[in-house]
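Visitor: I would like to learn how to read a model of this kind, one feature at a time. Could we begin with the pairing of strands and work outwards from there?

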Amino acid sequence: MDFAEQQSQASLPSPLARAGQLSFWLDLNPDLPISVAPLARTAPTTLPGLVEARRHAADTIAEGYFQTVPIIPRSHAGRLAQAISGLVQRGIPPIFCMVYDAFWQMFAPLDPVLRELLGERYQMMPTDIWAWHVAPQDNASGWGPHRDLETPQAIGTDGRPRLLNVWLPLTDVSPLNACMYVLPQHLDRSLGAEGEQKELDLNDWQNIRALPVPAGAALGWNTHVLHWGGRSSTRASQPRISVGIYFHNRDCDLHEINPDTARAGFTSLDFDPGLQLPFEARLQAIAGAIYMYNRRVPADFPDTWEHIFQFARQYKRN
Ligand SMILES: [Fe+2]
């Protein structure tokens, strides 16, 4: 960006100028409440898939990840995807969807799976959240191949994850709009016994697994699994819109196992109906998330990224 462009961006009104006002968000989406306790009300859910909790846990122990059937109704997923698209059209990153209760609630139907894998009273760190809008065009993609956290402490001795990344798409996701790909851990010869990565050995490309999923179906993976979002295509009929939250078992201290100043001032909270996340705390959590995952914000929001970072500086907890 040259000087003239910087000047013009600085003079544009910030789409987040009124972000600190509850009324701004409620005016944008009058049907999406913002309360103190986002899980106090039950999410609209399509429950039948959840009898599979044990199978999802077994899959995760064996292959490093699980995939559910849709856990929220298609119409609800569509409404939430539309809310994220509305933010993006205003130059506001998708992660700001987390001001609304519904984006926390939609993970609640996974409770039986999360309890099976992480134990009773599992937790989440409010800053460990992100959301994506990958446009249906050739130059758009999800995040490149990586492992979320390679430390051996991230998986228990029984093979159950101590940290679990759960990813919930709100649109149908296929290889044409940047679906997730994994190298299942039982096929991953570059994964050491303690999660460390040896030189990547991909001489058998058939081990790569694409994970197309319908809107509202969750994927979850342990932090050792190699995974990535694909590249989108002009052949795609819709964007890939999704939200991710890290969950962890309650004896897992993220400040200790994965220190990051982005989490300063936050402690992990039980993810249950008693969860308290008032509006101001959500803004601070979003600011923390932007500190943690900001790498692609300037490219994704060329006209507003300075305003976005200004918001993050203003609201980050110390
Ligand atoms: Fe990841």
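Visitor: In β7, which residue is the bridge partner of Leu183?

Guide: Leu183 has Leu226 as its bridge partner in β7, and I should say at once that we are reading a predicted model. That pair belongs to a longer match, since β4 (residues 180-183) and β7 run antiparallel and are joined by four bridges.

Visitor: In what order do the three strands of this open sheet stand?

Guide: The order is β5-β4-β7, with antiparallel pairing. Because β5 (209-211) and β7 (226-229) each have a single partner strand, they stand at the edges, and one side of each is left without a neighbour in the sheet. From one strand to the next the twist averages 25°.

Visitor: How many bridges join β2 and β8, and how many join β3 to β8?

Guide: A strand can be followed through its bridges to each partner in turn. β2 and β8 pair over eight bridges in the antiparallel sense, and Trp130 has Gly244 as its bridge partner in β8. Strand β3 (residues 163-169) is also antiparallel to β8, through seven bridges, with Val166 paired to Ile245.

Visitor: Are the residues of β8 buried or exposed?

Guide: Nine of the nine residues of β8 (residues 240-248) are buried. Arg240, Ser242, Gly244, Tyr246 and His248 point one way, while Ile241, Val243, Ile245 and Phe247 point the other way, and all are buried.

Visitor: Why is β1 described as largely enclosed by the rest of the structure?

Guide: The reasoning is a count: five of the six residues of β1 (residues 65-70) are buried, so this strand is largely enclosed by the rest of the structure. Its pairing with β6 (residues 217-222) is antiparallel over four bridges, and Phe66 stands opposite Gly220 there.

Visitor: Which residues have the most contacts inside the largest nonpolar core?

Guide: In soluble globular proteins, nonpolar side chains tend to be buried together. Here the largest nonpolar core has 83 residues, and Ile95, Cys97 and Phe247 have the most contacts inside it. Strand β2 supplies the largest share of this core, seven residues. Leaving aside residues up to four places away in sequence, Ile95 touches Ile129, Trp130, Ala131, Ile286, Ala289 and Ile290.

Visitor: How can one check the span of helix α8, and what do its buried residues pack against?

Guide: A helix can be checked by its rise: at 1.5 Å a residue, the 14 residues of α8 (residues 279-292) should span 20 Å, and the end C-alpha atoms are 20 Å apart, which agrees. Its buried residues are Arg282, Leu283, Gln284, Ala285, Ile286, Ala287, Gly288, Ala289 and Ile290. They pack against β2 (123-134), α9 (297-300) and α10 (305-315).

Visitor: What radius of gyration does the protein have, and what would a compact globule have?

Guide: The idea is to compare the value with the one expected for the chain length: with 318 residues, a compact globule would have a radius of gyration near 20 Å, and the protein has 19 Å, which agrees. Along the principal axes, the C-alpha atoms fill a box of roughly 55 × 45 × 40 Å. Of the 318 residues, 45% are buried, and the secondary structure comes to 10 helices and nine strands. Finally, among contacts between residues at least 6 apart in sequence, 86% join residues at least 24 apart.

Terms used
Residues are numbered from 1 along each chain as its sequence is written. This is a predicted model: local features need pLDDT of at least 70, side-chain atom pairs count only at pLDDT 80 or more; totals for chains, interfaces and linings use all residues. Helices (H or I, at least four residues) and strands (E, at least two) are DSSP runs, numbered from the N terminus. The expected span of a helix is 1.5 Å times one less than its number of residues. A residue is buried if 20 or more other C-beta atoms lie within 10 Å of its own, exposed if 12 or fewer, and partly exposed in between; C-beta atoms are placed from the backbone. Two residues are in contact if their C-beta atoms, placed from the backbone, lie within 7 Å. Two strands pair if DSSP finds at least two bridges between them. Axes are lines fitted to C-alpha atoms, for helices over the stretch in contact, and angles run from 0 to 180 degrees between N-to-C directions. The radius of gyration is taken over C-alpha atoms; the globule rule is 2.2 Å times the number of residues to the power 0.38. A nonpolar core is a set of buried Ala, Val, Leu, Ile, Met, Phe, Trp, Tyr and Cys residues joined through C-beta atoms within 7 Å.
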